[in-house]
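Student: Please give me a close look at a single part of this structure, taking backbone and side chains together. I would then like to see how that part sits among the rest.

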Amino acid sequence: MIDEKILAILRNDTDHVSGEELCKIAGVSRAAIWKHIEKLREEGYDIEASPHLGYRLLNIPDRLIPAEIKWKLRTRILGKEILSYKKVDSTNAIAYAFAEKGLKEGSVILAEEQEKGKGRHGRTWLSPSESGIYLSVILRPQITPNEISKITLLAAVAAARAIRETADLQAMIKWPNHILVNHKKVCGILTEMKAEQDRVDFIVIGIGINVNTQMKQLPKGASSLREELPDSRTDEQVSRVDLTRKLIEKLEEDYFLLKKDGFQPIMDEWKRLSDMIGSRVKVVLQNRTFEGLVHDIDPDGALVVRRDAGTLEKVSSGDIAMVR
Ligand code: BTN
């Protein structure tokens, strides 16, 4: 709390703030201010201290610290509670366990590194330290279990929009849960839920984004936002803090839209951002594969593929590859 107060004061002032002033506003002693400044420095804040002038904030760390994400976060429920970890097995596993204990809707779990990041179909999601975003959100929507794919599509829309606005890259959605930049995967989404037969208890949306991750740390076919920046911007890093904040804002925006106007507007946006209708795909199911043209997405979020023989086939889970 005191840390947040000190930061708020330093952020508001481009000039130095005297120790005396900080004591007064934060309501603690000079020695306490010094201790808090030291702690903030250890967390990566670059704070200049000069004997006569006082303190000045020079630089903010690009770490997934709750105080940073919450700074100017424009949401009503998402991210009001943020739990951030240095290293975990999986943010989805943590979110699921907390949700079972009643952690409220909108809570966000973040980690700098995952040792057992979970992907779809039991795969692992490589999650090296301090270069990506590994985030899980708890939602408690009033939907039936078979509507969960709508939430995955909603998350894909939110993630693509957040990447576009923060990194200025042409993020595209590939059904159902991948975000591609220049045809390479930079983000994946894993939605898990606890449900009874006709009622969802809670949903955990897990989103992994390769942000400043180096190629050698990534699996084949994957890339990171930084790697996909155009040549004119290769000196840049993409701010993980800004992107996380934007992602939380977009998720809330789309979630509220879903509640207010139903799934159609999300679906329209999904189609616009996926550019898949009419493309040729190879569908890989558990026991067979086939090719065809993407005909549509049905109202439950399943992919409808027109097979070469002319029949329409619905695919609700499986892998697809674009055929070019
Ligand atoms: C996929 O494309 O297979 C989905 C990958 C989802 C990865 C994210 S990272 C944050 C969250 N925690 C996990 O263990 N997995 C998801």
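Tutor: Helices and strands are taken here as DSSP runs, of H or I over at least four residues for a helix and of E over at least two for a strand, and they are numbered from the N terminus. The model is a predicted one, and the part I have chosen is the set of loops around β7 and β8.

I begin with the loop between β6 (172–174) and β7 (178–181), where P176 has its place. The peptide bond that joins W175 to P176 is cis, with an omega of about -10°.

The next loop, between β7 and β8, holds N182 and also H183. N182 has a positive phi, near 50°, although N182 is a residue other than glycine, and H183, likewise not a glycine, has a positive phi near 65°. As for accessibility, N182 is partly exposed because its relative accessible area is 45%, which falls short of the 50% that an exposed residue must pass. H183, at 58%, is over that limit and therefore counts as exposed.

On the far side of β8 (184–196), the loop that leads to β9 (199–210) contains D198. The relative accessible area of D198 is 58%, so D198 too is exposed. Leaving aside residues up to four places away in sequence, D198 touches T144 and P145. With T144 the C-alpha separation is 5.3 Å, although the two positions lie 54 residues apart along the chain.

To place these loops among the rest, I turn to the salt bridges, of which a search of the whole structure finds 35. One of them joins D254 and R161, whose closest N and O atoms are 2.9 Å apart. Since D254 belongs to helix α7 (residues 240–261) and R161 to helix α6 (residues 148–167), this pair ties together parts that are 93 residues apart in sequence. Both D254 and R161 are buried, and they belong to a network of salt bridges that also takes in E165, K246, K250 and E253.

Another salt bridge brings together E115 and K87, at 3.6 Å from N to O. E115 is in the loop between β4 (108–114) and β5 (132–139), K87 is in strand β3 (residues 82–88), and the pair, 28 residues apart, links distant parts of the chain. E115 is exposed, with a relative accessible area of 52%, whereas K87, at 48%, is partly exposed. A further pair is E236 and R233, where the closest N and O atoms are 3.1 Å apart; here E236 is partly exposed at 33%, while R233, at 18%, is buried.

Finally, on the scale of the chain, the division gives domain 1 (2–59), domain 2 (66–272) and domain 3 (280–322), and the C-alpha centres of domain 1 and domain 3 are separated by 58 Å. Towards the N terminus, helix α1 (residues 2–12) packs on helix α3 (residues 30–42) at about 85°, with 10 Å between their axes, which makes the two helices roughly perpendicular. In that contact I2, D3, I6, L7 and L10 of α1 meet I33, H36, I37, K39 and L40 of α3, a set made up by class of 7 nonpolar, 1 polar and 2 charged residues.

Note on methods:
Residues are numbered from 1 along each chain as its sequence is written. This is a predicted model: local features need pLDDT of at least 70, side-chain atom pairs count only at pLDDT 80 or more; totals for chains, interfaces and linings use all residues. Side-chain values use heavy atoms; hydrogens and water are left out. A salt bridge is a side-chain nitrogen of Lys or Arg within 4 Å of a carboxyl oxygen of Asp or Glu. Buried means under 20% relative accessible area, exposed over 50%, partly exposed in between (1.4 Å probe, protein chains only). Contact means heavy atoms within 4.5 Å. Axes are lines fitted to C-alpha atoms, for helices over the stretch in contact, and angles run from 0 to 180 degrees between N-to-C directions. Angles under 35 degrees count as roughly parallel, over 145 as roughly antiparallel, 65 to 115 as roughly perpendicular and the rest as oblique. Ala, Val, Leu, Ile, Met, Phe, Trp, Tyr, Cys and Pro count as nonpolar, Asp, Glu, Lys and Arg as charged, and the others, Gly among them, as polar. Domain bounds come from an automatic or database domain assignment.
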